[in-house]
Amino acid sequence: MQELQVWRYHADALQKEVFMKKISIYPGTFDPITNGHLDLVKRALRIFDEVIIAVAPSQKKQPLFSLQKRITLIRNAISTLKRAKVEVFEGLLVEYVRKKNGIAILRGLRAISDYEYELQMAHMNRRLDTKIETVFMMPSEEYSFLTSSIVKEVVSFGGSVKDLVPAGVEKALRDKLKNRK
Ligand code: COA
């Protein structure tokens, strides 16, 4: 009888593992989302069943766009990516990952300069929860220099960021920065 219970326990665990969706959480400020971020999401969808773009309010960074606007811009940008979704997260990242049954935190490594900061975050997150892995992926090299700040700066001086951000984001940047002058 006891053997049967043990067998059932293992069968349940195996079933959970086999059928559990592999969810990764892609956290960031996304002020605004760029084609570099999107490139990473598309790559991650080859490995994970679902990617949740988790937008942090990041008040310390004094974002240009409100949280709601950042969410809307992302939602429009990922409308054709059926297994990607966007949500807000506040508080500790690992707690949010646990709540979502995520198995990994997704982060982009564009250049060696990202490494130190990312290593620090990955180690701290691992210390907070040993079961959650951080997975680093490299975006396409054409986006290796791209940041949200550089995009904002170029638009603020009237330059074009075509092909670096989704069309809706470029328009939103122009509208926002035009009103600031
Ligand atoms: N393409 C283009 N740009 C990219 C990119 C890519 N693939 N990957 C990163 N970037 C850019 C971002 O646009 C951003 O640019 P910016 O500084 O000009 O805005 C920069 O690289 C990195 O910022 P981001 O990815 O938004 O991360 P962040 O450092 O602002 O966010 C959090 C950090 C929110 C993930 C982190 O602070 C966090 O987890 N906070 C929750 C609290 C917590 O748990 N803290 C403990 C963590 S150890």
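**Parallel strands, crossovers and the ligand shell**

Strand 2 (residues 50–55) and strand 3 (residues 84–88) run parallel and are joined by five bridges. Within this pairing, V51 has A84 of strand 3 as its bridge partner. To get from strand 2 to strand 3, the chain passes through helix 3 (residues 67–77), and the resulting β-α-β crossover is right-handed. It is worth saying at the outset that the model described here is predicted.

A similar look at strand 1 (23–28) brings in two further pairings. Strand 1 runs parallel to strand 2, and six bridges join the two. One point of reference along this pairing is P27, whose bridge partner in strand 2 is A54. Here the chain travels from strand 1 through helix 2 to strand 2, in a β-α-β crossover that is right-handed. Strand 1 also pairs with strand 4 (residues 104–108), again in the parallel sense, over two bridges. In that pairing, A104 of strand 4 is the residue that stands opposite S24.

Stepping back to the whole protein chain, the model contains seven helices and five strands. Their order along the sequence is α-β-α-β-α-β-α-β-α-β-α-α. A helix thus opens the pattern, and two helices in succession close it. The C-alpha trace spans about 75 × 35 × 30 Å along its principal axes. The protein chain has 181 residues, of which 28% count as buried. Among contacts with a separation of 6 or more, 77% are between residues 24 or more positions apart.

The surroundings of the ligand come next. The ligand has 23 residues around it, and those that come nearest are G28, G36, G108, S148 and S149. Several elements contribute to this shell: strand 1, helix 2 (35–44), helix 5 (112–128) and helix 6 (148–156) each supply at least two residues. Strand 1 and helix 2, already met in the crossover that leads to strand 2, are therefore also part of the picture around the ligand. By residue type, the shell consists of ten nonpolar, eleven polar and two charged residues.

Some details of the backbone in the loops complete the description. The loop between strand 1 and helix 2 holds P32, and the peptide bond leading from D31 to P32 is cis, with omega near 0°. In the loop between strand 2 and helix 3, Q62 has a positive phi, near 45°, although Q62 is a residue other than glycine. Q62 is classed as exposed because 7 other C-beta atoms lie within 10 Å, where the limit for an exposed residue is 12 or fewer. A positive phi, near 55°, is also found at N101, likewise a residue other than glycine. N101 belongs to the loop between helix 4 (93–99) and strand 4. With 11 other C-beta atoms within 10 Å, N101 is exposed too.

Note on methods. Residues are numbered from 1 along each chain as its sequence is written. This is a predicted model: local features need pLDDT of at least 70, side-chain atom pairs count only at pLDDT 80 or more; totals for chains, interfaces and linings use all residues. A residue is near a molecule or strand if its C-beta atom, placed from the backbone, lies within 6 Å of it. Helices (H or I, at least four residues) and strands (E, at least two) are DSSP runs, numbered from the N terminus. Ala, Val, Leu, Ile, Met, Phe, Trp, Tyr, Cys and Pro count as nonpolar, Asp, Glu, Lys and Arg as charged, and the others, Gly among them, as polar. Two strands pair if DSSP finds at least two bridges between them. A crossover is right-handed if, with the strands pointing away from the viewer, the path from the first strand over the helix to the second runs clockwise. A residue is buried if 20 or more other C-beta atoms lie within 10 Å of its own, exposed if 12 or fewer, and partly exposed in between; C-beta atoms are placed from the backbone. Two residues are in contact if their C-beta atoms, placed from the backbone, lie within 7 Å.
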